[in-house]
Amino acid sequence: MEKSVLKVNNLSKIFKVKSNKLFDKPKMLKAVNDVSFEVLEGETLGVIGESGCGKSTLGRCIIQLLQTSSGEVLYNDAKINDLNSSELKKIRKDIQIIFQDPYSSLDPRKTVGAIIEEPMIIHNIGKHEDRKNKVIELLKEVGLDTFHVNRYPHEFSGGQRQRINVARALALNPKVIVCDEPVSALDVSVQAQVLNLLKDLQKKFNLTYVFISHDLSVVKYISDRIAIMYLGKIVEIGDAKNIYKEPKHPYTKALFSAIPPESPFENKQKLVLEGDVPSPLNLPSGCPLSTRCPNYMEKCSKTVPELKDIGDNHQVACFLYK
């Protein structure tokens, strides 16, 4: 039986947004709203959704860059979102993140060698000479040359900078890596190289990925399972091949219908959701898609549907499936 390395139970993250009007109470923005899922050891869980649906906020809550409002994050069945800073520091060795922007996430004043070595210094790992050797080894792992060690971030291309970020994430021998749109800022040809690198490293080091992206083809290529997010909630989760072959939730169907057909002879119908996306500051009272759903029923606007298993480890939050 495969082991669950990461669990998220009823996780919510709420931000207070100040009003423009004097003496008005701040509004509550539910960026992540009662999200639950688990990630198995050695697998890649892709998280898809439109911009602003809460994907990146979810990733930052998992690694505790943002404090959760409610719910729990479990790593190897141990709750990590209530730990103090010293306890959390130990966990950070095992859970790392690769950020979206490969340039702003690197310190421009430090050499590549110093950037990759820094996590090992913070966690008191090895002696100076051992760390230097590890840096060289990591550069080779991500496809860079040893003479790059003394160069600065501005001397590299976008793809090379992202490889440096990958090397830094690997410096502490992590078990879980949250990939927050790691290829969205790169050219398409470079995206493929970085994705293949991530897959190779996963096999070699038995890494577990939470891969966040809005690019449907990228997520399809790299993911074992997929979670679809809409307005802070997961509306569908299951095996990647099954979801792409036969999406169940109306939002997932609309999302996937936007993928261009692979063949010019393929007759593909595009499903368009009418109306505007509701504001996260003023969410619908029931299902988040109730104001735009083509299969709307009266109870959709009154009750929030729960994620339910419909077979083959496929879960959907929709009243169309009992």
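**Notes on the predicted model**

1. Starting from the outside: the protein chain has an accessible surface of about 16900 Å², and carbon and sulfur atoms account for 49% of that. Keep in mind that this is a predicted model.

2. On overall dimensions, the C-alpha trace spans about 65 × 60 × 45 Å along its principal axes. The radius of gyration is 21 Å, which agrees with the value near 20 Å for a compact globule because the chain has 322 residues.

3. As for what the chain is built from, there are 9 helices and 12 strands. If you follow the contacts between residues at least 6 apart in sequence, 64% of them join residues at least 24 apart.

4. Now the inside. Of the 322 residues, 47% count as buried. Nonpolar side chains tend to be buried together in soluble globular proteins.

5. Which residues touch the most other members of the largest nonpolar core? They are Ile48 and Ile116, in a core of 54 residues. Helix H6, residues 188-205, gives this core its largest share, with 6 residues. Another core lies apart from it and has 29 residues, including Cys53, Ile91, Val178 and Ile234.

6. Ile48 is worth clicking on. Setting aside neighbours within four places in sequence, Ile48 is in contact with residues including Lys55, Ser213, Leu216 and Val219. The list also takes in Ile226, Ala227, Ile228 and Met229, as well as Tyr244, Leu255 and Phe256.

7. Last, the charges: the chain carries 45 positive and 39 negative ones, and their mean positions are 4 Å apart.

Key
Residues numbered from 1 in each chain as written. Predicted model: local features only at pLDDT ≥ 70, side-chain atom pairs only at ≥ 80, totals over all residues. Heavy atoms only, no water. Core = buried A, V, L, I, M, F, W, Y, C linked by side-chain atoms within 4.5 Å. Buried < 20%, exposed > 50% of the residue type's maximum accessible area, 1.4 Å probe, protein only. Helix = DSSP H or I, 4+ residues; strand = E, 2+ residues; numbered from the N terminus. Contact = heavy atoms within 4.5 Å. Rg over C-alpha atoms; globule rule 2.2 N^0.38 Å. Areas by Shrake-Rupley, 256 points an atom, 1.4 Å probe, with all protein chains shown as cover. Lys, Arg positive; Asp, Glu negative; His and termini not counted. Charge placed at Lys NZ, Arg CZ, Asp CG, Glu CD.
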